[in-house]
Amino acid sequence: PSPRVVFSGIQPTGVPHLGNYLGALREWVKLQDEAEPGTKLIFSIVDLHALTVPQEAAQLRRWRKEAFATLLAVGLDPKRSTIFYQSEVPAHAELMWILSTVASMGYLSRMTQWKSKLQLPEDTTLEQADARAQLRLGLFSYPVLQAADILVHRATHVPVGEDQRQHLEFSRYTANSFNHLYGPIFPIPEAQISPAKRVMSLKEPTSKMSKSHPDPKSRILLTDSPSTIHKKIKVALTDSQPLITYDPAHRPGVSNLLEILSHFENRSCEEIAGEFEGASLRVLKEHVAARISAHLEAVRDRYEEVMGDRTGYLESVAREGAERAGGNARETMRMVRDVMGL
Ligand code: ADP
Ligand code: NA
C-alpha cells in the first residue's frame, strides 16, 4: 500500500483567524500528532495564490512571515512536518502549466470563487466578468494551481475547511484526466473536511469568517490579546431573543458562538445551549471569550517568540522545508516528464 501523504496550504493574507484555525490548522496539528510512522506531512504557505489579487510587496513579505510563524505557533513541528513557502518550490508552477493542458475551461468557469472574489453574481458568464471586472487569467485558473500543489506531492489526503470542497473535487477530476491520458501517476486525493466546517463571521453570521471581510471585528486573529478577543465577542452580532437556544437557521449569531464553544469543549451545541439556557447573552459571551483566550494563550506566546527570534530560526526552518518539499516535487516531475515524453 502506498504511504499516506498529507498536504494542505494557507494563503499569506494576514495573521490566520479562528476559522482558519478550527477549519484547518488545528486539524493539521492533530494529524501530525496522531500520524502513523511513514506518513508524510506537507504544509505550505501558498504565496503564489495570494497574487490572484493585487498585493503590495512589503505587506506580502510581512504576511508570508506572519503566516509561517503562525504555523509554528499552533504546534506544527518542523521535525515531523515539512513547512515551506510555495514560491520556493518552482515545481508547483511548472506542474500547473502541465495540468492546464488537461484542465477543463467549462469546469473552471462554473466554479464560484473567482466570481465571489470579484463580487459578481453566481450566474455571471466569463465574457460578462471580463467586461465588468477585467477577469485575470490567474484568478480564473487558481484551482489549477491548487491542483498542482496537491498533485506535485502525490498527496493522498487534504485536510481543509468546507469552503474548499469544490476545489478539491476539481483537483480529483484533473488528476483523473491526467492519469487517463498519460498513465497512473497521481493518487486521487481525498478531502478531509474538518468537523468545524464553517466558522461564521462575528458581524455577518450568515457568511463565513474570512480574512477579506472589511470589518476587522468580524474575525478573531490567532494573535489577538484577551482584551481584544473580549471586545470582539462582546460586539458580535446576535439577536434579542430572551433564551439561549441552538438554532442556526433562525439564530445564526448565537448559534455560531455555541458552535465555537463546542469545538473547544468537545460537547454538542445543544448540550451547551441547555446549560446556558436561562443565562444572559452577556454571560455566554464572557464564557466564549474566556475559552478562546485561554486556548490561544500558548499560540500567542509561541508566535511572539518566533517573530522576536534573532537567530534566523524561522528562515532555517523555511529553507529546510523548501529543500524537502522540492525533493519530493522533483521526483513527481521526473515521472510526469517521463510519461509525457519531455
Ligand atoms: P481565507 O478563506 O480566510 O482567505 P484560506 O483560503 O487561506 O483562508 O484558507 C485556509 C484554510 O482555512 C482552508 O482549509 C479553508 O478551508 C479554511 N477556512 C477558511 N475560512 C474558514 C472558516 N470561516 N471556517 C472554517 N474553515 C475556514
Ligand atoms: Na478560503
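**A helix crossing and a domain contact**

Helix α4 and helix α14 pass each other in a left-handed crossing. Since this is a predicted model, it helps to keep that in mind as we go through the chain together. The two helices span residues 91-100 (α4) and 313-340 (α14), and their axes come within 10 Å and cross at roughly 25°. Angles under 35 degrees count as roughly parallel, and that makes α4 roughly parallel to α14.

Let's look at the residues that bring this pair together. From α4 come Ala 91, His 92, Glu 94, Leu 95 and Ile 98. On α14, their counterparts are Gly 326, Ala 329, Arg 330, Met 333 and Val 336. Sorted by class, the contact of α4 with α14 holds six nonpolar residues, along with two polar and two charged ones.

Now step back to the whole chain. Its domain assignment gives domain 1, made of 5-199 and 311-340, and domain 2, covering 223-305. Between the C-alpha centres of domain 1 and domain 2 there is a distance of 30 Å.

Where do the domains touch? Here 10 residues of domain 1 are in contact with six residues of domain 2. On the domain 1 side, the elements giving two or more residues are α1 (18-34) and α3 (57-73). Of these, α3 provides the largest share, with four residues. The chemistry of that side of domain 1 is easy to remember: nine of its residues are nonpolar, one is polar and none is charged. The contact of α4 with α14, by comparison, includes two charged residues.

Note on methods:
Residues numbered from 1 in each chain as written. Chains lettered and ligands numbered in written order. Predicted model: local features only at pLDDT ≥ 70, side-chain atom pairs only at ≥ 80, totals over all residues. Domains from an automatic or database assignment. Contact = placed C-beta atoms within 7 Å. Nonpolar A, V, L, I, M, F, W, Y, C, P; charged D, E, K, R; others polar. Axes fitted to C-alpha atoms, helices over the stretch in contact; angles between N-to-C directions. Parallel < 35°, antiparallel > 145°, perpendicular 65-115°, else oblique. Left-handed = near helix turned anticlockwise from the far one by under 90°.
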